[in-house]
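This report describes the fold of one chain and then its surface. The structure is shown first, and the text follows from it.

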Amino acid sequence: MNADALNLIGRIFLALLFLTSGAAKIMDYQGVSQYMAGANMPMIQIALPIAIAMEIGGALGLILGFQTRLAALVLVVYTVVASWFFHNFWALSGQEAQMQMIQFTKNLALIGGLLVVMAAGAGRLSIDGRRR
């Protein structure tokens with residue numbers, strides 16, 4: 001398999017997590033709002049629509065390879081903020097701290113993959129690649 005095909009597959013796999021998460025937020029908007037309130041997220045009325053837009057918009061940008069580096073950056077910012085509020089293992093203890101540390105480090109891996117996309121770009125199998 002060539003590098004452009006691997007790039008496309010990798011972008012799709014990264015994007016799927018954000019695309020399904022954004023869609024789930026739309027499907028259970030009220031429940032997600034309550035969950036965010038429980039995590040002390042400020043300005044939920046503004047933060048939740050922004051989160052949905054970042055996840056779905058960033059995911060579509062990755063899949064299509066449109067403004068790919070910007071899409072990856074948007075998802076990096078989203079993941080950093082989500083990790084801070086929802087996977088704050090440093091404020092917990094016991095098994096809950098361990099579970100949240102796993103989620104936090106998983107998010108670091110996602111950020112790493114997104115940084116690779118930012119460095120490499122989308123490749124030829126993308127809208128960005130066709131505009132060159």
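Helices (H or I, at least four residues) and strands (E, at least two) are taken as DSSP runs and numbered from the N terminus. On that basis the chain reads α-α-α-α-α-α along its sequence, with 6 helices and 0 strands in its secondary structure. The model is predicted, so that local features need pLDDT of at least 70 and side-chain atom pairs count only at pLDDT 80 or more, while totals for chains, interfaces and linings use all residues. Residues are numbered from 1 along each chain as its sequence is written, and side-chain values use heavy atoms, with hydrogens and water left out.

The table collects values for the chain.

| Property | Value |
|---|---|
| C-alpha box along the principal axes | roughly 50 × 30 × 20 Å |
| Buried residues (under 20% relative accessible area, 1.4 Å probe, protein chains only) | 38% of 132 residues |
| Exposed area (Shrake-Rupley method, 1.4 Å probe) | about 7,700 Å² |
| Part of that area from carbon and sulfur atoms | 70% |

Among contacts (heavy atoms within 4.5 Å) between residues at least 6 apart in sequence, 68% join residues at least 24 apart.

On the surface, Met-1, Leu-6, Ile-9, Phe-13 and Leu-16 make a nonpolar patch of about 550 Å²; such patches take residues with over 30% relative accessible area and no salt bridge (a side-chain nitrogen of Lys or Arg within 4 Å of a carboxyl oxygen of Asp or Glu), and nonpolar side chains are joined within 5 Å. Of these residues, Phe-13 lies in helix 1, which spans residues 3–27, and Phe-13 is exposed (over 50%), with a relative accessible area of 60%.

Terms used
Patch = residues over 30% accessible without salt bridge, like charges linked within 9 Å, V, L, I, M, F, W, Y side chains within 5 Å.
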